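Biologist: I'm new to this structure and would rather get to know one part well than skim everything. Please pick a single helix, walk me through it slowly, and then show me how its surroundings fit in.

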Amino acid sequence: MIKITLPDGSVKEFEVNSTAIDVAKSISEGLARNVISANYNGTTIETTTPLTTDGNLVLHTFNDGDGKKAFWHSSAHVLAQTILTFYPNAKLTIGPAIDNGFYYDLDLGDDVISEKDFPAIEKKFLELAREKAEFKMRAVSKADALSYYKEQNNQYKVELIEGLEDGDITFCDHSDFTDLCRGGHIPNTGLIKAIKIMNVAGAYWRGDEKNNQLTRVYGVSFPKQKQLKEYLELLEEAKKRDHRKLGKELELFTFSQKVGQGLPLWLPKGAALRSRLEDFLKKAQKKAGYEMVMTPHIGQKELYMTSGHYAKYGEDSFQPITTPKDDEEFLLKPMNCPHHCEIYAHKPYSYKDLPKRFAEFGTVYRYEQSGELHGLTRVRGFTQDDAHIFCTPDQLDTEFKNVIDLVLYVFGSLGFKDFTAQVSIRDMDNLDKYIGEAATWEIAENAIINAAKDKGLDYIIEEGEAAFYGPKLDFMVKDALGRKWQLGTIQVDYNLPKRFDLTYKGSDNQLHRPVMIHRAPFGSMERFIAVLLEHTGGKFPLWLTPEQVIILPISEKYQNYAEKVLVLLENSEIRGFIDSRNEKTGRKIRDAEVKKIPFMIIVGEKEQEEGTVSIRRHGEGDLGSFSVEKFISLVSEEIGKTLVAF
């Protein structure tokens, strides 16, 4: 017998060679019908894999992230099988699951797949899926694996196999199809009931522009047709909320090929929006004891070599800037933290001076590949709401929790209510990725976990997601469409203070090393605004929206009265303007709706005589007639309800 420990801590005994499905059946038949993959002792397994030792078992359904990954990975196999029925000479490369579905990269030679081919591929895919073929893993020697793919003249699989160790190579078979695969599949193809080919794109082998260009076919699949229908409806809504579309409609930002790819230009309304976000955070930071600093956009290469950023990110940064002086090189700033370390180092500190909290809206630059650029969410120049706290080890817990409070304040005031916290720690199997000593890493990781527990956060632990210099707490926010975004991060760092030889004098009159906390509640201004745009559909919280009110005089005769109303609003710090165009009022109202302006004030003869205003609300219609004072009170009250206390 073997002992199986379940996620709730319960332990059950089973016969040797029992499977994940056997365990699921012992819990309930309903669970067994829905289980599609499993994880045993931290390793993804098939639901039919024999269990031979004691261990921890996690069962996954399609509702779980790992369940979806197995479902979509299995679907990628069926997609490759399907494409080979149409293009038998195609060479297969890789086909992973991704966040929303899967793709397969193929070398089609002179053949081309276009959108008109999608229906036929989808139809054949479902025909093959209905065969209910089981996914079966088998070990293959390196020699046999190489022989198999050399016979097929598939140089891509050969290259992959050459990089693997003999004894670690497995194939997956289903029906008459075989593929090189590490595993992690659903029980059989029959579970796939719905498929949609999303698009086709070009992709270089292994992401290298020097290699062959392949055809990448994207797809998404589901256990039920209804789920596919709901997903496609969600995609349509997402298109309406696309921040690139809304940013153009609301005149917030633009891009210019002459300026350069991935370098956003903020238009007046967008710049005002950014400024309000910055002022909002600056006010909270001042209350929390932060001091604002400013650092240059460039730094000597040596600075980033000291910090370790050049060794880790040098290839992804803009190339060094040379000067007329020999051997002098500068880099566009990829990170703010080395600069803040030097600010701390400019004078000696005592333990009585700590913590020091330096904050900056600092612009940084990273050379993202052109194919990876995407609106404001993936750019080459972006501004972080960065801050670095230098504290004693005894202050770490309090300071970390205070930053959590600040992040929660930001989320609450901007309508992000659904989020989880992710404790990102080292990949224990790949420690070469990180700098620093194991002992301080362990202290830092435990500090974050304990802080998350004490603050009552709903958190998960993700191995391998830490920064190279320290573990972090990332906030994964779910938007109005149910999509997850990483917004806000807090990191504990024992390593940069050591690299920059930062010290403070302790109560024992000896020099000690401070602990460094990196934090950015927004993450980056660009990405945060993009997510906020898509979350709200452009209907920002009233306190933040660029234009809160538009005044519509029904003719030129009431222009003077409209201007008097505008002055009263501005005196109460309500942002508005007058639409004085020679257009009909109905047209002006429609245009204001498109621009998502929260309130429309319509003024005519009646309003002028009575000293009132007629109010329309975006998306709601007429609210009736108000005195200007009452309307101002209405707006102020709504803003007060939105901004949470800090």
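Modeller: I'll start with the whole protein, zoom in on one helix, and then work outwards again.

First, some ground rules: residues are numbered from 1 along each chain as its sequence is written, and side-chain values use heavy atoms, leaving out hydrogens and water. This is a predicted model, where local features need pLDDT of at least 70 and side-chain atom pairs count only at pLDDT 80 or more, while totals for chains, interfaces and linings use all residues.

The protein has 20 helices and 33 strands (DSSP runs numbered from the N terminus: helices are H or I with at least four residues, strands are E with at least two). Its C-alpha atoms fill a box of roughly 90 × 70 × 60 Å along the principal axes. Of its 646 residues, 51% are buried (under 20% relative accessible area; exposed is over 50%, and partly exposed is in between, with a 1.4 Å probe and protein chains only).

Now for the helix I'd pick, α17, which runs over residues 559–571. Its 13 residues should span 18 Å at 1.5 Å a residue, and the end C-alpha atoms are 19 Å apart, which agrees (the expected span is 1.5 Å times one less than the number of residues). The buried residues of α17 are Gln-559, Tyr-561, Ala-562, Val-565, Leu-566 and Leu-569. They cover an arc of only 155° around the axis, which puts them on the same side of α17 (the arc is that of the directions from the helix axis to the C-beta atoms). Turn to the other side of α17 and you'll find Asn-560, Lys-564 and Asn-571, which are exposed.

So what do those buried residues of α17 pack against? Their partners are the strands β29 (549–553), β30 (576–578), β31 (599–603) and β32 (612–617), plus the helices α19 (605–610) and α20 (628–642); contact here means heavy atoms within 4.5 Å. After α17 comes Glu-573, whose phi is positive, near 60°.

Let's widen the view to the cores. In soluble globular proteins, nonpolar side chains tend to be buried together. Here the largest nonpolar core has 79 residues, and the ones touching the most other members are Leu-414, Leu-473, Ile-551, Ile-601 and Phe-631 (a core is a set of buried Ala, Val, Leu, Ile, Met, Phe, Trp, Tyr and Cys residues joined through side-chain atoms within 4.5 Å). Helix α13 (residues 396–413) gives the most to this core, with 9 residues. Apart from it lies another core, of 37 residues, including Phe-102, Ile-113, Ile-186 and Ile-197.

If you'd like a second helix to set beside α17, try α5 (residues 142–151), where Ala-145, Leu-146 and Tyr-149 are buried. Down the axis of α5, these buried residues fall within an arc of 95°, so they line one face of the helix. Over on the other side of α5, Ala-143, Lys-150 and Glu-151 are exposed. The cover over its buried residues includes α6 (155–162), β10 (170–174) and β11 (177–180). Following α5 is Asn-153, with a positive phi near 60°.
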